[in-house]
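This report is meant to be read with the sequence and the model side by side. It takes up the strands and their turns, then the packing of nonpolar residues, then the charged pairs, and closes with the confidence of the prediction.

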Amino acid sequence: MKIHVLVPKVHEKIEDQHESHQLLFQAAKKQGHAIEFLSVKQCKMVFNGKASVMVDSEKKERVNLLFVKMGFGRAYSENL
């Protein structure tokens, strides 16, 4: 299963992600799942009869599970 995670900022390499994101990535991989991080600035949810996720104004297909990473406050995002 692919797990989507909404985070404040997406980095190209997993090594550059916040430590908690790296741990989540490793745990999912260990269980045989894939993770895709989505930037909160690029992602929108649309509710028009059926919920969907839009990334950069394009519908994201097959979003089975979307985690919203807590900690979007200013102090958190300044440390990324």
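## Strands and hairpins

In the hairpin formed by β3 and β4, three residues lie between the strands, and one residue to look for there is Gly49, which takes a positive phi near 90°. The model shown here is a predicted one, and in it strand β3, covering residues 43–47, runs antiparallel to strand β4, covering residues 51–55, with five bridges joining the two. Across this pairing, Val46 stands opposite Ser52 of β4.

Strand β4 also pairs with strand β5 (residues 58–60), again in the antiparallel sense, and here the pairing extends over three bridges. Within it, Val53 has Lys60 of β5 as its bridge partner. The hairpin of β4 and β5 has two residues between the strands, and in this hairpin Asp56 takes a positive phi near 50°.

## Nonpolar cores

In soluble globular proteins, nonpolar side chains tend to be buried together. In this model the largest nonpolar core consists of six residues, namely Ile3, Val5, Val7, Ala28, Ile35 and Phe37. Two elements, β1 (2–7) and β2 (34–39), give two or more residues each to this core, and the element that gives the most is β1, with three residues. A second core, separate from this one, has five residues, among them Leu6, Leu38, Cys43 and Val53.

The surroundings of Val5 can be followed in more detail: when its neighbours within four places in sequence are left aside, Val5 is in contact with Leu24, Ile35, Glu36, Phe37, Leu38, Leu66, Phe67 and Lys69.

## A buried serine

Ser39 has its place in strand β2. Is this residue, Ser39, buried or exposed? Its relative accessibility is 10%, and because buried means under 20% relative accessible area, Ser39 counts as buried. Apart from its neighbours within four places in sequence, Ser39 is in contact with Leu6, Val7, Pro8 and Val10.

## Charged pairs

Side chains of opposite charge can pair when their charged atoms come close. The count for this model comes to two salt bridges. In one of them, the side chains of Lys2 and Glu36 meet at 3.2 Å, N to O; because Lys2 lies in strand β1 and Glu36 in strand β2, this pair ties together parts that are 34 residues apart in sequence. Lys2 itself counts as partly exposed, at 38% relative accessibility.

Glu36 also forms a salt bridge with Lys60, and in this pair the closest N and O atoms are 2.6 Å apart. This pair, too, links distant parts of the chain, with Glu36 in strand β2 and Lys60 in strand β5, 24 residues apart. Lys60 has a relative accessible area of 23%, so this residue is partly exposed. Taken together, Lys2, Glu36 and Lys60 are linked in a network of salt bridges.

## Confidence in the model

How far does the confidence of the prediction vary along the chain, and where is it lowest and highest? The mean pLDDT of the protein chain is 81, and 86% of its residues reach 70 or more. Confidence is highest in helix α1 (residues 19–30), at a mean of 89, whereas helix α2 (residues 74–78) has the lowest confidence, at a mean of 53.

Notes: Residues numbered from 1 in each chain as written. Predicted model: local features only at pLDDT ≥ 70, side-chain atom pairs only at ≥ 80, totals over all residues. Heavy atoms only, no water. Pairing = 2+ DSSP bridges. Helix = DSSP H or I, 4+ residues; strand = E, 2+ residues; numbered from the N terminus. Core = buried A, V, L, I, M, F, W, Y, C linked by side-chain atoms within 4.5 Å. Buried < 20%, exposed > 50% of the residue type's maximum accessible area, 1.4 Å probe, protein only. Contact = heavy atoms within 4.5 Å. pLDDT = per-residue confidence, 0-100. Salt bridge = Lys/Arg side-chain N within 4 Å of Asp/Glu carboxyl O.
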